[in-house]
Structure formats: C-alpha cells, structure tokens
Amino acid sequence: MASSQISSGKINISNNNNNNNNNNNNNNNNNNNNNNNNNNNNNNNNNMNREIIIPVISVGCIYIGNTLYQWSLEGRKDIDWTHHHLGTFGFYIFCSSVLFFTGFFTLAKQIIDLSKRNSNNKNGDNSNSNNNIQFLKNIKVSFNLYLISISILFLFCFIITLLEVTKDVGATLVHHGQYNLLVLSGLLLLYTSTFTMWWILLRYFKIKQIIIGFLVFFILLFIIFEIKNVVIKKDWPIGIDGKKFMFLDKSNSKVCKVSNDFIAWPSFIPAGSTWIVAGSRECPKEKGFSNLDYDNILHIDCPSNDERSYTTSPTFFKEQKEFGIFTNDFKTFEKQYKSETFKYSEPIIIKEETVLATCGNKTEIHFQNVKNISIHKRASHFNEPTLKFSTITNNKDKKEKEEEEEEEEIKIKTINKEEKNKPIDILFLMIDALSRAHFKRALPSTFETLQSIQNKGESKVFQFFRYHSLKPFTDPNTIAMYTGYNSLNYDATDKKNGLSSSKKPFNWQDNPMFFQSFRNDSYVTSWIYGLCEDWFQAYLKMDKPENSIDHELVLPFCSPLAFPLERPFGIFEGPYSIRRRCLGNKHIHDKIFDYINQFWDNYYDVGKIVTATFMDAHEGTMEVIGIADKQFNRFIKEDMEQHLNDTVLFLVGDHGSHMGPYYMWAKGGSIEVSMPLLYIVLPTWFTNKYPHVEKYLLENENKLASPFQLYDTIRALSTFPEFGGIDVFDPTSENRKQTKGLLGPIPNDISCLDLGIPHDFCQCKN
C-alpha cells in the first residue's frame, strides 16, 4: 500500500509537471500568436498604405504629365519665338512622357496584382491567412469593389489624358499639337518596347546572363559606333574635288572658328528607315483618267455615264474659306486668277498653265508652260537693246536733276550676234530647309553628278562651305537672297554690338528682286513656288513688282491633293508631310522639272531666268528629300547638262533642317541648320574669259558669307555682257561698286557681325 501511494504520488507529480509544461507551451503559443497577429497587423497596415499610396502617386504623375504637355502646346504666330522655345517644348514633352509612362504603368501593375490575389483567394489559397487583402476587411470594403474602383480610375485617367493630348492636333505655329503628339507617341513607344524587352529577358534568362550579354552587346555597339563615327566625321567636311570645310584657320585666330565636336546623327540612320510610318516612297503606278500632253492638249477618258469637265486656272479658294484656311496673302491670287469650268467632249487645247480635269467625283490637276508670243518677242533684243538708260537716275532728287547740265546716255555692253545671240540662262533652284551636309547625305547621286560635271570640264562647280543663314526659318533668308533687304529684328545684345535692321521701309526701287536687275528685253522670267502661298504677300506684305514675272506657277500646289483642306500642314499630308508628295502618279518635284523643261524648250532662243522653290526637305524626319534624289539627278544629268554650257545653275538652301530632334537636341543640328546648301555652276568658257570671276569664287569657297552676298553675286552677274551688260536698277553702277558678293574679295576674318547674322545664331565660336 505504501508502495502504491508512492507510485501514485510520482504519477501525480509527473502529471503536474506535464500540465505545467503544457501551460508553458500554451503560453508560448499564445505569445507566438500574439507576435504573428502583431506582424499581420503591421503587414496589413503596410499593405493598406501601399495600396492607397500607389494610386495617389500614379494619379499625381498623370496629372503633372498632362499639365506639362499642355504647356508644350503654347504657340504664337511669331516664328522666331517658336524656334527659340523648341527646346523648352521638347523638355516638357519628354518629362510628360516619363510621367505618363510611370503613372499608367504603376496603376496597371496594381490592377494586375490585385486581380491575381483575387484569383488566388477564390481558388482557396489561404496562405498567410490572406494577409495581403486583410486590410480591406478591416475597413469593411469588399475586395472586388476596390479592384473595380482602381480599374475605373485607370480608365478615367486614360480617357482624360487621351482627350487632353488630342485636344490640339493642328500643324500651325499657333496650334502645333500634331507634331507634339508625334514626339510623345515616339517616346512612349520607346519606353514600352524597352520595358517589354526587359520583361522577356528577365523571364527567360538569369540576371548574370543578361548583364554579360548586355556588356558584350554594348562593347560591340560602341566599337561599331566609333568606327562609323570616324568615317562620318572624316566625310562630313568633304565636298567636290575632295575640298574640305574649314573648321579652323590655324594661321589666323580671327577667322571664324566652327566647332567640329559634334555627332552627325542622321548619317547613322539607314535611308528609307521611316517606311513603317511613312509608307512607300514611290507614287502610285496607276494611270489617271486624264493627261495634258506636251502639245498642250487635254485628254479625259472616263466612263460615258460620268460627267466630264475641266476648269482652267482653278483657285480652290472657295473651299479654303469653308475650311477656314484662307489667309490674306491669297487675296492677290483671288484677284489675279479667274476660274472657268467647261464641259469636256473631245481633246482640247488648253491655253492656261493650270487645269483641273473632272470625271464624276474624281479630279486630277495638271500644269504646263504655255509659250507667250508677245513675251518671246519682247525678250528677243539681246544684241540690239530696246531699253534706254541715262546718267540721270531715279536715285537723284528733283533738284539734282534740274542742276544736271547734260544728260548722257549710258551704253549697254553688248556682244556681236555672231559671237552670241542670247544671254546666259539662269536656273535658281531653292530647296527649303536643306543644309550642305544633308544635300550630300540625302542626295548622293545628285552630288556625284555635280562631281561628274566638274570632271568633264565644260562647267565649273563652286561650293560654299561657310555659307551661313540668318535665322533657322525662311522669312529673313529668302527676303535677303531675293531682294537684299534686311528684315531681321535684332535683340538688345545685337543692337549694342552695332547691328540694326534696314532703316528704310521696304520698296521695290531700292530692293528689287534679283531677276529684275536683268534686262527684260533679253530675258523671260518664271517664278515656281512649290507651296500654296504668295511669297510676296506672306513675307513682304506687298504685291509682286508689276510686270516682273512672265510665268508664275503656284495654283497647282493649292489643290487639295497637294494642300489638304482639313490639315494643310499636317504630318502625313501636305507640303510638310513625312510621306511622299505626289500629284497623280508623279512626285511634285518631278512635275516641276517637267514644267522647267517645257519652259526651256518654249524659249530656247532667248534668255531665261527660273526661280523654283522645292519643299521636299521641309519636314522632321530628314528622309523625304532623299526620295527626290533620283529625279534631281536625272534632271541635272540628263535634262540640263546639255544646257549647262549656256546656263548658270544655283543650288541653294535657305537654312538647314529645323523641324526634327536633330535640330532640337543635337549640337550637329544647330550647326547644319545655319549652314545651308550653296553651289554655283558656271560655263567654263565664261570663267576662262573672266579669270577674276573664277579667282574670287574659289577664294571665297571657305569664307563666311550670307544670303546678302548671294543677292549681290547675282546682281553683279547682270553687268557682264553675256548676261545683258547692265544692272537695270543701277545702270551707272554708282550704288553697287563695292557689292560684288562672291565675285569680289571677302576678308578672311569677316565676322557674323559684319554680315548681319544675329549673335545667338552665329556658329563662329571665337
């Protein structure tokens, strides 16, 4: 019994110990549970904060992005102001693109994560007691309602942003949203493709493999880039006969120094790389229902049940007024041209230069050069001038004229008919927004043709490496090269340095068009402007000089086929389009060449002056002008080379590319925009006869020059007997003795200040 009591006591003691241990374990478990609950509460709080903060930050990013993008849409009619703010606009667009991508990406990721958690919850995945969504239960909000709310928020932000960025899709100085939207879309596409690439790499490769792969890739890319860059930098300054652009004159520190520390980014881009966005570079091959043959006969071939008609000198101004794009400079055209519509029954001779053919609802525009017998007769007096000039000039006032003792007739320097029976022709081809460097880069075949012409020796090709524009837009450059007038508005710094605009208001007597300097009894003039615009009204606010232009070609480029009514200056249509510019099955520039050839044939035995403007380089990708290489090369090589023995050819740009990222953000772009194209091709027999002409042209190839010097050069040519022998607007040569332009001496150390080039645009760095 004692032993049983002892044994029973031991058992009780053992049970007590076990109970104590169990109690301790339970206490420990309770402590652990309390700790877990605390951790869960902390996690819940953290998750709750995260789920609330992320949408707030995302919406904030999107809101700021929209605000910055709206700032980038600011516009004014002042083109100088616009160009000065392009960098600022680009910065706003870049920042807004980063904020848009960040905001929408984080919101989208939030929705995807919540959807996955919801899916796991429905499938019974209760790991960690669904801690990730416990906070929602704590605040008594259903998970699905929260997910729907975030999705609606994403959709709301997306719709608002889409409405904001598409609110302005214009393509003018005031409303330029279409260009902003293109840049924004490009940046977002870049971010999206980069993210997608990283996602794929991280999904299928380890971090170490990715890092090694990227290192190898970037090392190879760097080596290839450096090799390519060395080749490009070596080629960039080279011109005809291997002559080079002079960046620095080591012998004279005062000579304009141009930086060579830049990357010519467009040279790295393969030709035709924009085809994905811009489409085919060729015009449609389909034959139209009408054509205007070389004998001026119009043919219309369409189904008999469709109404056929034709309109001579179509203006399209009524339609432009309906769409609100009719501007004041068109009023001159409205007075000058009167449209007439006729029913078509059979092939008919068209006496006007522009005609619109209609077949039912379809239209086609045609243009031609029509010989004017009276103009031809007027210009047939090269050897026997009909114009008379005296020593009493219009520059003298009335009192001086009264005091003039004897009026003396000025003899015009003429040439015997046996030696030459017509003056040298002048062909002035102005390609808007084309630099010297990009001409060589985008039109390699045309460049090689110039080299071939030089090699053959019948003509001399002169190139002007340091020809410097006045501003990165058309107005002051063309006004200077066409009229010699300084229309610039200088800032306080320039005025302090001594620069000032022309003191007199513009007038035709003091600043005639360059072709007015040549005798109209020896020359027929043609003005071809490849844009729906009256240059004279648009830039000078004046009508063209009376009886100064014999053939004017503008109307075809006002056709809705070339100048769309809804967005005339859009990205994908019109004269600034990044796509091909066609009329029917031909490029616009090719049809202009056809017109010039016809003009040359119609007036083959008299002097001709053609001023033609091409818009092919006026767009942001710098690709469209490359489409024209084939036709430019054919025109100069096949059509004009036979005439170059009796023609001076000017290939001119008003400035370089000024619409794309290369100009906005690259140092090379700011250099190229200020160094436009300028080549002058003269007959060798002429330079042999006047060796000083060749001497100065060669000496000035690497001298700083501006559009003012180009104007002076052309006017100086008018005084040579082969060009008529007299400057009609300065017959005594009193006013222009020292203004020979490129045909006279230019100091080595001439500066931007000397040439009237604003300090903030000058590329001289010393």
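Me: What counts as a disulfide here, and what makes Cys752 and Cys762 one?
Reply: A disulfide is a pair of cysteine sulfur atoms within 2.5 Å. In this predicted model, the sulfurs of Cys752 and Cys762 are 2.0 Å apart. That value is within 2.5 Å, so the pair is called a disulfide.

Me: Why is the disulfide of Cys752 and Cys762 called right-handed?
Reply: The torsion about its S-S bond is about 75 degrees, so the disulfide is right-handed. Cys752 lies in helix H26 and Cys762 in the segment after H26, so the bond ties together parts that are 10 residues apart in sequence.

Me: Are Cys752 and Cys762 buried or exposed, and how do you know?
Reply: Buried means under 20% relative accessible area. Cys752 has 5%, so Cys752 is buried. Cys762 has 12%, so Cys762 is buried as well.

Me: How many disulfides does the structure hold, and how are the cysteines paired?
Reply: There are 5 disulfides. With the bonded cysteines of the protein chain numbered in sequence order, the pairing reads 1-10, 2-7, 3-4, 5-6, 8-9.

Me: What makes Cys256 and Cys764 a disulfide, and what is its handedness?
Reply: The S to S distance is 1.9 Å. The cut-off is 2.5 Å, so the pair qualifies. The torsion about this S-S bond is about -100 degrees, so the disulfide is left-handed.

Me: Which parts does the disulfide of Cys256 and Cys764 tie together?
Reply: Cys256 sits in the loop between helix H7 (207–235) and helix H8 (275–278). Cys764 sits in the segment after helix H26 (752–755). The parts tied together are therefore 508 residues apart in sequence.

Me: Why are Cys256 and Cys764 called buried or exposed?
Reply: Relative accessibility is 3% for Cys256 and 16% for Cys764. Buried requires under 20%, so Cys256 and Cys764 both count as buried. Cys157, at 7%, is also buried by this cut-off.

Me: How do you know that Cys532 and Cys558 are joined, and what is the handedness of the bond?
Reply: Their sulfurs are 2.1 Å apart. That is within 2.5 Å, so they form a disulfide. The torsion is about 95 degrees, so this disulfide is right-handed. Cys532 lies in the loop between strand E12 (523–529) and helix H17 (535–540), and Cys558 in the loop between strand E13 (551–553) and strand E14 (582–583), so the bond ties together parts 26 residues apart in sequence. Both cysteines are buried.

Me: What makes E10 and E16 a strand pair?
Reply: A pair needs at least two bridges. Strand E10 (residues 425–431) has 6 bridges to E16, so the two strands pair. They run parallel. Phe428 stands opposite Thr611 in E16.

Me: Why do E11 and E13 stand at the edges of the sheet?
Reply: The open sheet has 7 strands in the order E11-E18-E17-E10-E16-E12-E13, with mixed pairing. Strand E11 (459–463) and E13 each have a single partner strand, so one side of each is left without a neighbour in the sheet. The twist averages 10 degrees from one strand to the next.

Me: What lines the second largest pocket?
Reply: The pocket holds about 1100 Å³ of space. Of its 45 lining residues, the closest to the centre are Leu583, Gly584, Asn585, Lys586 and Lys591. H18 gives the most to the lining, with 6 residues.

Me: How do the lining residues of the second largest pocket divide?
Reply: They divide into 20 nonpolar, 13 polar and 12 charged. Gly counts as polar, so Gly584 is a polar lining residue.

Conventions. Residues are numbered from 1 along each chain as its sequence is written. This is a predicted model: local features need pLDDT of at least 70, side-chain atom pairs count only at pLDDT 80 or more; totals for chains, interfaces and linings use all residues. Side-chain values use heavy atoms; hydrogens and water are left out. Helices (H or I, at least four residues) and strands (E, at least two) are DSSP runs, numbered from the N terminus. Buried means under 20% relative accessible area, exposed over 50%, partly exposed in between (1.4 Å probe, protein chains only). On a 1 Å grid over the protein atoms alone, a cavity is a set of points where a 1.4 Å probe fits but cannot get out, and a pocket is an open set with protein on both sides within 12 Å along at least five of seven lines; lining residues have an atom within 4 Å of a point. Grid points are joined across faces, edges and corners, and a volume is the space filled by probe spheres set on the points. Axes are lines fitted to C-alpha atoms, for helices over the stretch in contact, and angles run from 0 to 180 degrees between N-to-C directions.
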